[in-house]
Every structure is written in structure tokens, then in C-alpha cells.
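Student: I would like a close look at one part of this protein. Please take it slowly and tie it to the rest of the chain.

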Amino acid sequence: VQLQASGGGLVQAGGSLRLSCAASGRTFSSYVMGWFRQAPGKEREFVAVISSSGGLTYYSDFVKGRFTISRDNAKNTVYLQMNSLKPEDTAVYYCAAGSRFRSRAPEYDYWGQGTLVTVSS
């Protein structure tokens with residue numbers, strides 16, 4: 001499966017953005033989808049994950065209550081709605097597809113190219 005992330009940009013602190021990740025192929029609905037991010041000089045970190053059906057989600061503590069992951073299997077797309085953004089959310093955000101409901105990056109098989117989110121103070 002090929003993944004294409006989009007929706008990043010520059011936003012002021014407290015603002016919102018919605019990231020999208022479009023997948024190719026007819027097997028999107030069988031994949032667990034995750035979002036990760038990597039800030040300059042830091043390791044890639046887990047943000048959120050959603051099960052293949054969309055019925056189960058899990059978030060990292062630092063985005064819980066602010067970010068929402070969702071998916072539309074008919075459109076082969078997963079979303080990340082980001083509200084109440086903070087400067088420390090600045091990073092390149094990556095979507096990923098895997099077969100297990102996990103929060104570790106090595107568990108994922110396919111990765112998008114990333115989209116940059118910059119939050120100004």
C-alpha cells in the first residue's frame with residue numbers, strides 16, 4: 001500500500017489542523033493505521049492509532065483530548081484532527097499502515113512521506 005499524507009501547514013498556538021492520509025490499493029480497510037511525528041533533533045514518536053474497522057483508537061498522553069484519529073474506509077483515508085495546538089506539536093507528521101494495533105514504529109510496514117506542521121507561539 002502507498003500512503004500520501006497532506007494537510008500540514010503553519011498555524012498559531014491554539015489553532016487547529018486536519019491531516020489526511022490517502023492510501024492506494026483495495027486492502028486499506030484491513031490495515032491498522034497510525035500517526036507518528038518527528039520534531040527536529042528528536043526521535044520519531046507515536047501519536048495515535050486506529051483499528052482497521054475504526055472502532056478502536058489509542059492516543060499518546062501528550063495529545064489525548066486534543067487530537068482525534070478517524071478513518072473512512074470507503075475513501076481509503078485516515079485523518080488526524082488536531083485542536084488546541086501547541087508550539088511543541090511542531091513536527092513532521094507521518095501516517096503508517098500495519099497489521100497490529102501497536103504504538104511502536106517498527107511494528108508498521110508502510111509509511112507516508114510526512115507532512116510538516118508548524119505551530120507558532
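Which residues have the most contacts inside the largest nonpolar core?

Tutor: This is a predicted model, and the answer below applies to it as such. The residues with the most contacts inside the largest nonpolar core are Met-33, Trp-35, Leu-80, Met-82 and Tyr-93. That core has 29 residues. Strands that give two or more residues to this core are E1 (3-6), E3 (17-23), E4 (32-38), E5 (45-50), E7 (67-72), E8 (77-82), E9 (91-98) and E11 (115-120). A second, separate core has six residues, including Phe-36, Phe-46, Ala-96 and Tyr-108. As background, nonpolar side chains in soluble globular proteins tend to be buried together.

The chain around these cores has 11 strands and zero helices, so its elements, read from the N terminus, are β-β-β-β-β-β-β-β-β-β-β. The C-alpha trace spans about 40 × 25 × 25 Å along its principal axes. For 121 residues, a compact globule would have a radius of gyration near 14 Å, and the 13 Å of the protein chain agrees with that. Of the 121 residues, 43% count as buried. Among contacts with a separation of 6 or more, 55% are between residues 24 or more positions apart. The chain exposes about 6,200 Å², and carbon and sulfur atoms supply 46% of this area. As for charge, the mean positions of the 13 positive and 8 negative charges are 5 Å apart.

Leu-3 is a useful place to start on single residues. Leu-3 is in strand E1, and its relative accessible area of 8% makes it buried, because the cut-off is under 20%. Leaving out residues up to four places away in sequence, Leu-3 touches Cys-21, Ala-22, Ala-23, Met-33, Cys-95, Ala-96, Ala-97, Tyr-110, Trp-111, Gly-112 and Gln-113. Two of these names have come up already: Met-33 is listed among the residues with the most contacts inside the largest core, and Ala-96 belongs to the second core. Leu-3 and Tyr-94 are 91 residues apart in sequence, with their C-alpha atoms 9.4 Å apart in space.

Next come two loop residues. Ser-51 lies in the loop between E5 and strand E6 (57-59). Ser-51 counts as buried because its relative accessibility is 12%. With residues up to four places away in sequence not counted, Ser-51 touches Tyr-31, Val-32, Leu-56, Arg-71 and Phe-101. Arg-102 is in the loop between E9 and strand E10 (108-111). At 35% relative accessibility, Arg-102 counts as partly exposed. By the rule that leaves out residues up to four places away, Arg-102 touches Phe-46, Val-49, Glu-107 and Tyr-108. Phe-46 and Tyr-108 are both named in the second core. The C-alpha atoms of Arg-102 and Ile-50 are separated by 9.3 Å, with their positions 52 residues apart along the chain.

The backbone has two points to check. Most residues other than glycine have a negative phi. Asn-76, which is not a glycine, has a positive phi of about 55°. Asn-76 is found in the loop between E7 and E8 and is buried, with a relative accessible area of 19%. Ser-84, also a residue other than glycine, has a positive phi near 50°. Ser-84 lies in the loop between E8 and E9, and at 42% relative accessibility it counts as partly exposed.

Asn-76 also leads back towards the N terminus through Ser-24. Ser-24 is found in the loop between E3 and E4 and counts as partly exposed at 33% relative accessibility. Leaving out residues up to four places away in sequence, Ser-24 touches Val-1, Gln-2 and Asn-76. Ser-24 and Ser-70 are 46 residues apart in sequence, and their C-alpha atoms are 17 Å apart in space.

To return to the request, the largest nonpolar core draws two or more residues from each of several strands, including E1 and E11. Leu-3 of strand E1 touches Met-33, one of the residues with the most contacts inside that core.

Technical notes
Residues numbered from 1 in each chain as written. Predicted model: local features only at pLDDT ≥ 70, side-chain atom pairs only at ≥ 80, totals over all residues. Heavy atoms only, no water. Helix = DSSP H or I, 4+ residues; strand = E, 2+ residues; numbered from the N terminus. Rg over C-alpha atoms; globule rule 2.2 N^0.38 Å. Buried < 20%, exposed > 50% of the residue type's maximum accessible area, 1.4 Å probe, protein only. Contact = heavy atoms within 4.5 Å. Areas by Shrake-Rupley, 256 points an atom, 1.4 Å probe, with all protein chains shown as cover. Lys, Arg positive; Asp, Glu negative; His and termini not counted. Charge placed at Lys NZ, Arg CZ, Asp CG, Glu CD. Core = buried A, V, L, I, M, F, W, Y, C linked by side-chain atoms within 4.5 Å.
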